[in-house]
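Visitor: Please take a close look at the aromatic rings in this model. I would like the geometry, with the cut-offs stated.

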Amino acid sequence: MSITELTAALGVQTSEPDENGWDWWLFGATCILCGFGLLMIYSASYAGADRTYGDPSHYFTRQVIGIGIGVVAATLVLVVPWRWLRRAVLPTHIATLILLGAVLSPLGHSAKGASRWLALGPMNFQPSELAKLVFVISMAHFLACNEGRLKDVVGVVLPALVLQLAPFVGLMYFQKDFGTTVILAGLSGVLLFVAGLQKRWLVGGAAVALVGLAAMVVGEEYRQRRLISFLDPFADIEGTGYQIIQGWIALATGGPTGTGITSGVAQRGFLPEPHTDFISAVIGEELGAVGWCCAAGLQMFLVWRIVLVSGRARDLFGGLVAVGIATLFGAQAIINLGVVAGLMPAKGLVLPFLSYGASAVIVHVLAAGIVLRVGLESRREVS
Amino acid sequence: MSRLHLPPIPLAVESPEVVRSRSKGRTRIVGGLLLAVLGLICVRGAQLCIAPSDRTIREANVRRWGQVTLQARRGQVLDRNGRQLATSVDTPNIIVDPQMVPPDAIQPLSEALSTVLGRPEDELRSEIGRKGSRYVRLAQRVHPRTVVDVERVRKSTNLPKPALYVERASRRYYPEETLLSHVLGFISADGHGRAGIEFSLDEYLSGGTILFQRRHDLRGLAVDGPLGDTARQRAAGMTVHTTIDRRIQRITERALEGVLLRSDPVSASAVVVDVETGDILALANVPTFNPNAPGSDPAPRRNHAVQDAIEPGSVFKPFTAAAAVEEGLVTGASPIDCEGGTWYLGRSRIRDDHPHGMVTVSDVVKYSSNIGAAKLALQVGAEGFIDYMHAFGFGERTGIALPGERRGTVRSADTIRPIELATTSYGQGVTSTVLQLAMATAALANEGVRMKPRLVTRVEDAHGVPEYVQGPEEVVRVISPETAREVTEMMVTVTEPGGTATRARVPGFRVAGKTGTAEKAENGRYGAGRIGSFIGFLPADDPVLAVVVSVDEPRKGSRYGGIVAAPAFAEIGEEALRYLGVEPDPELLDEVTESSEEEVERVDNEPIRLAWAREGWEIPDLGGRPLREVVAGLGPSGIQLDIRGSGHVVGQDPPAGAVVAPGQPLLVTLK
């Protein structure tokens, strides 16, 4: 398989983790991404935050808190015994489902026509961000427990989809969270594939997923409009194409090296979500093609390092968790950047570490911590 | 979880080694795919940055960039001693952006503003609620305290700054009020000069409005910080330094006001020229106007001295005599027959008001004989005479930096008939402006060299870098110094006992002059109206000033130039020479001058002095001060002057003794 060979060639063992299995490269990339994200979030949001809250660092502060919580959670994951973690999978899974359900209850908090948040004191928590990570771990756990039995479609694969995927997707559906649904479906596919699902089932599943996707688009008028505007954003500059055109204007304004941090204009009311979904447009305007490539390049580096960890993993569970997290990061980056670059229809997904989103950054730092832990486990003697 | 699913079917359990090695391969595929797609997106994004499509660039230009025309602060006009004649001050306007005011805030806002601005509430409500507008001016040139009150209202109604704000608009002030109004001109509502220097030097003064391309946000507000002071500095209009001397101008205008009172003319004009340089020291007309409020009647705004060409009459005779002397045909002592007051040239009759027989050429000037002047012109001959008239500057524009200058008419030497030549010699059938007369008179005084009238010496940009510099400029030597002296002596006799203008005498000085009383031509015929005028210079032996006074249609008392214009000439000459410090000849001080010294003193009070008191200037009592002193004294302090009315100060806020920091407002009411 050519891609296998190619990535094998790319994945030459140039940057081995140290003898304990600790991957400084992955750790470093995560830190840089967090710092870069903080910088760009401040730069993209200070004007709007000042106007709305009278505090230019409103979003910045919250992102810092998010990173802090994430670091605490990741540290916890790095120190507790491995088997505790595996025992915690099922309770966490159930707890997450409860949280997702709670969003739909009066405890939930609606914004922008979707109810996805839980009000937790001064900050809102978005369980769907947590759900993505928990889903990866839970699915990996399930598949690892059924290692070697994926030819049994009725006994293993179907229950995996029904018991693991279906509850999440169902709750996502009620939250009208199309993006996360697609991500979850994709993650299921990747995890099943890596766990050893036969190719014919894979092809069949992909076909079913495509039909499902088409059905969702046909079923919702606003998704159709998004698709049309994706095909020709200039057709409706004031309406559906507005955001994407503003993103392109931002990139074009940036040119090769950008206008400089905090000097971007896109965030001055032109871009509706300058510090979240369209942070990369702000990066492009303020730091130009260089900044854009740095953002995308860092994401690629991160994904590459995690894939390497997955390859080194001691057991199937570790490998699946790592590849799932790599997919989680990679797919979100692809969709987020792809929307701005006009290669994907609009979808509300964050750019890992770079977009503002306290819930997302907590989960992503935690996910990086889990991958580091998988790396550590790879060098531990099997007891 | 493992216990949740159905019991395993034992048929196809693969070994962990198989599963693990396959999963590693498949992991690489997944990773490779993710990296490939991300790489593609990365390249596409970079392409969008570096090589955007034309449509994107067009949209960017339309949506992102706003144009701001920045009205430069208009430059100052200064007199020759650097005193402000025209300046610009900032005045506050109250602006609301209706789109920024939420509907439920309109009512409380208009209620609060109604008391602050003193406007009816329903009126404000409809203006604040105006749809589709981003800029509504609620009040103009408000009281500085109102600005503070409005800010308080804004805070109490929780509105952001862009919703309700104060705009500083530049406003033109002429601190000297009516002084020099015809030379200064005035500006229209759009900020451009409409007359005078304001018009002719508009390009310098306005500094050219600067068009700024600047990025704006969605609401049209500037992104790139306030374009305020540095940009305004760059755009600032230039400062114009004039040759006008404020005091001599004041003296001149007061003299003309006297003429207005004594003779009730339609208008009167006077020009004072520095003989050596051709500098216009004063140029005045009555009636006058206040450029701070130019009004709609154009009549008082007319600069008669430059914009009207009139028949000069007898004041032309010195130039005729100069031509004849310069040609070597006569001297001052040469005899000439004045024919007993009536002389026929062909079929045309020339008459003298005061008949004389054989007199000297000098007496022709002294007694103002038309017949004598005609004979001199005929002796010089048409071609030569007309050449001299052109050399004296008649029939061509002087090129002064003022709009609407008239050329005047001198008949062509080729077509002129003898009788026309004869009448031209005493100023009929020829027209000139008062300014032309003044420059020609100055040429006689300047040993025969005619200078170009200089009104503007220097134009400087906001940093004091000169943009335009004008030195004294000779036009032509008209006559020799000897001829000039000869003619000067003739003109001195005019003001000596027996001459036509003894009222032009100035104690302590010999005065050279000539009266004129021209019949006013109306619709091609001479009517009852007269123009009484006087030209002259002094001191006759070493001339400093050339002065021309022209009084159009005196309707009260005498109409003779020697009576209506000569006293004004004397008044200007006397006070101006004293001001300039020209020493009088003690032998000629036949009478002690009365109290006009005190009057010159009164021209200027002690200037306003400010004392710095820790955080600001301590404001003195301004009561009774004229506007110009207020502006001159407080202008450099940085205090935000808000000037109401004109005349003399009747009120100030904060009161005397208060400390006002630069940038803070000070209201001055004048009446």
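Guide: What follows covers aromatic pairs, then a cluster, then charges over rings. This is a predicted model, in which local features need pLDDT of at least 70 and side-chain atom pairs count only at pLDDT 80 or more, while totals for chains, interfaces and linings use all residues. Residues are numbered from 1 along each chain as its sequence is written, chains are lettered from A and ligands numbered from 1 in the order in which they are written, and side-chain values use heavy atoms, without hydrogens and water.

Rings of Phe, Tyr and Trp (its six-membered ring) pair if their centres lie within 6.5 Å; planes under 30 degrees apart are stacked, over 60 edge-to-face, and the rest tilted. Over all chains this rule gives 21 aromatic pairs. One of them joins W24(A) and F27(A), edge-to-face, at 5.7 Å between centres and 85 degrees between planes. Both residues lie in helix α2 (residues 24–53) of chain A, three residues apart, about one turn of the helix; helices are DSSP runs of H or I, at least four residues, numbered from the N terminus. W24(A) is exposed at 53% relative accessibility, whereas F27(A) is partly exposed at 32% (buried is under 20% relative accessible area, exposed over 50%, partly exposed in between; 1.4 Å probe, protein chains only).

Y42(A) and F60(A) have ring centres 5.8 Å apart and planes at 85 degrees, so this pair is edge-to-face. It links distant parts of the chain, with Y42(A) in helix α2 and F60(A) in helix α3 (residues 58–79) of chain A, 18 residues apart. Y42(A) is partly exposed at 31%, and F60(A) is partly exposed at 28%.

In chain B, F316(B), F319(B), F392(B) and F394(B) form one aromatic cluster.

Technical notes: Helix = DSSP H or I, 4+ residues; strand = E, 2+ residues; numbered from the N terminus.
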